[in-house]
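Subject: Structure handover

Dear colleague,

I am passing on the structure below so that you can look through it with the sequence beside you. My notes on what was found in it follow underneath.

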Protein chains: 2
Amino acid sequence: MAETPSIYLDHAATTPVDPRVVAAMMPYWTEVYGNPSSIHRYGQAAAAALEAARRDVAEVLACTPNEIVFTSCGSESDNLALRGVALAARAAGRGNHLIVSPVEHHAVSHTAAQLRDSFGFDVTWLPVDEYGRVNPDDVGRAIRDDTVLISVMLANNEIGTIQPVAEIGAIARRKGIPFHTDAVQGGGMLDLNVDRLKVDLLALSAHKFYGPKGVGVLYVRKDTPLLPMLTGGGHERGRRAGTQNVPYIVGLATALRLAQAEKETANTRLQALRDRLIAGVLETIPQARLTGHPSERLPNHASFAIRGVQGQDLLVHLDLAGIAASSGSACNTGNPEPSEVLLALGLPREWALGSLRLTVGRQTTDEDVAYTLDVLPRIVARLRAL
Amino acid sequence: MAETPSIYLDHAATTPVDPRVVAAMMPYWTEVYGNPSSIHRYGQAAAAALEAARRDVAEVLACTPNEIVFTSCGSESDNLALRGVALAARAAGRGNHLIVSPVEHHAVSHTAAQLRDSFGFDVTWLPVDEYGRVNPDDVGRAIRDDTVLISVMLANNEIGTIQPVAEIGAIARRKGIPFHTDAVQGGGMLDLNVDRLKVDLLALSAHKFYGPKGVGVLYVRKDTPLLPMLTGGGHERGRRAGTQNVPYIVGLATALRLAQAEKETANTRLQALRDRLIAGVLETIPQARLTGHPSERLPNHASFAIRGVQGQDLLVHLDLAGIAASSGSACNTGNPEPSEVLLALGLPREWALGSLRLTVGRQTTDEDVAYTLDVLPRIVARLRAL
């Protein structure tokens, strides 16, 4: 019996840490281990590494280092953006109204829902088209006098669709309303220049671009009022308490620099693999359709709705065949209901139940794609025959 | 000229990561890198490591694994305890009143203050004696019908005093009020059995016991209502969203197991070093006094008030002599004002300004202590002569 291969096609869920990133982090556990808040040499050596990382990240985002807040993950960054801005704005009497897209990651949508249900905020959920795209004009129409924050993600985790963030940002800016984008999913592949994107807040997570899980960034444009949601020491200029995780922050900065520097070459390669996957699935599997935008999508992201199969069953059989895939967000695993994102596209339930996400990455090869395209149609046929 | 030594006496600020802990973490960046929420084999391998770590931590705390919430740091654990319990209790109509000691870490005291100032809670700050100890009877007297949470730390970071947590817990339990203890500072050295301590919530941070910075624990006793403060995916049974930092969680569990298993032997050694430091300072420096409790204190913790010097000046001169020390909390560095903790002891300002904390650890030697006791009196004399 041939050995089962081990093919990882779930780079949207998480990525392995780049060995160059591991190497960059290594000195900071046992050698340069000081608390960066301490004034002695141990502390100052750690603080120097922390601030160098902050400058590196700021350079990628084209902002000032003071506008970078290090957090423990993308979810925390999104939470801080929404809670921090919403609660600060209300305390200042500016209003009570949030505008959020209906295809956001749960870190945004559940936070908006909690602000509504437990803190009395009013939330407008924007419409999206069949590809999950927000029409910037709809954002303009949703803005009210009491709107305090708009949140629309850069690229969707489940369906790969890239949003017209710069256009939305232009509208938000004209109205003087802070605009947050969850850039977690696109962080390693898309342009993150905050002025071109016209955003006031932007969330990143290192583990989506070959850095470690457990460290993130929130960019906060100067003079954006923010009530901290994690209070204690005055770390991160009073915006996020907690002794900084120096090794991971160094790792995040290293991973971000590498991913951004290599992105043109990497994206071209990923896109070719992705396009073969998409074309292959649509050709060989009847009643399969692409979800998300056909062209305005992440270069590594192929997602499908396959009628008449259950996403979970598909994943189990793919796993047995040695292919790691996802039915949508990893965070939503185990939930047999179709995701809100797929339903927001207007996809009928019998299609939305059979969702499949294949996301390629640095280690994906042509052979991996060929093997997947060989195995997947047979698994679908077998499941449909049951 | 003799080479300057490099003596680290700031183990209360942070500790180097134990090489055994680094070794335990290593596979989880590049090999077992799956997202623990994914159902494929990559995800399940990560989930298995995560749940094994949870069981290890639960064993040390003598609780069930489901009562363990992994967080990004001790500050986050404290924030989640206070915000989560206070906001959930108010939503359930149980009340609006918090009881907090005046010698808490800022992660507790600033969070209580924000709950008061921005969320309308009422806070009672307990009295403490000259050693910073809470009298359990005072807790009993402070309890009201609308009290929803009591928070008193296990051991103080600045002055080392250990609180009578079990006695306070007994009172809280009789009245049916959730009781949180910030055990961050004592986590590696003290008993953490949550039933013996009679606590409902307990915060830990790995970097205080030779684990990495950037990972913590909140123990939450079963059936303690908690409004999550970080929303998104359903991680940690809905209590803390964000993809789990598997390597650090494995590291935390490893570090906690090691520290707890070795604590009797380690504490005896640390206490001997500490006692030499205390005796030496009090003998050789006129107008120096111990801060915190003389016997009910952390085994590695020596803290002083030295009249007529500025803590910051002392630290700079010690650093030049090769000794890393602290004037109190690392998080408070750069603030020339005496800390609230020292003022809560009733220490006069001219004493409180000259605070010095020397905390020994695994790598501290007899020679380090001897050198420090040789250098420190001369630095104090020189500063006083200026």
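A residue is called buried here if 20 or more other C-beta atoms lie within 10 Å of its own. By that count, buried residues make up 61% of the 386 residues in chain A. Please keep in mind while reading that this is a predicted model.

I begin with chain A as a whole, which has 15 helices and 12 strands. Its C-alpha trace spans about 65 × 55 × 35 Å along the principal axes. A compact globule with 386 residues would have a radius of gyration near 21 Å, and the 21 Å of chain A agrees with this. Among the contacts in chain A with a separation of 6 or more, 74% are accounted for by residues 24 or more positions apart.

One part of chain A that you may like to find on the screen is an open sheet of three strands, which has the order E9-E10-E12 and antiparallel pairing. Strand E9 (288-290) and strand E12 (355-359) of chain A stand at the edges, and because each has a single partner strand, one side of each is left without a neighbour in the sheet. From one strand to the next, the twist averages 25 degrees. Strand E10 (residues 301-306) of chain A pairs with E12(A) in the antiparallel sense over five bridges, and A:Ala302 stands opposite A:Leu358 in E12(A). Helix H11 (residues 263-284) of chain A packs on this sheet, where it touches E9, E10 and E12 of chain A, and its direction makes about 15 degrees with that of E10(A).

How, then, are the two chains related? Chain A can be laid on chain B with an RMSD of 0.0 Å by a turn of 180 degrees and a shift of 0.0 Å along the axis, which is the relation of a two-fold axis. In chain A, the C-alpha nearest this axis belongs to A:Ser72, and it lies 2.9 Å from the axis. The same surface serves both copies, since 100% of the contact residues of chain A recur in chain B.

The contact itself takes 61 residues from chain A and 62 residues from chain B. Several helices of chain A give two or more residues to the side that touches chain B, including helix H3 (41-61), helix H4 (74-91) and helix H5 (106-119). The largest share of that side, six residues, comes from H5(A). The residues on the side of chain A that touches chain B divide into 27 nonpolar, 29 polar and five charged.

With best wishes

Definitions and conventions:
Residues numbered from 1 in each chain as written. Chains lettered and ligands numbered in written order. Predicted model: local features only at pLDDT ≥ 70, side-chain atom pairs only at ≥ 80, totals over all residues. Contact = placed C-beta atoms within 7 Å. Helix = DSSP H or I, 4+ residues; strand = E, 2+ residues; numbered from the N terminus. Nonpolar A, V, L, I, M, F, W, Y, C, P; charged D, E, K, R; others polar. Least-squares fit on C-alpha atoms with pLDDT ≥ 70 in both. Rg over C-alpha atoms; globule rule 2.2 N^0.38 Å. Buried ≥ 20, exposed ≤ 12 C-beta atoms within 10 Å, placed from the backbone. Pairing = 2+ DSSP bridges. Axes fitted to C-alpha atoms, helices over the stretch in contact; angles between N-to-C directions.
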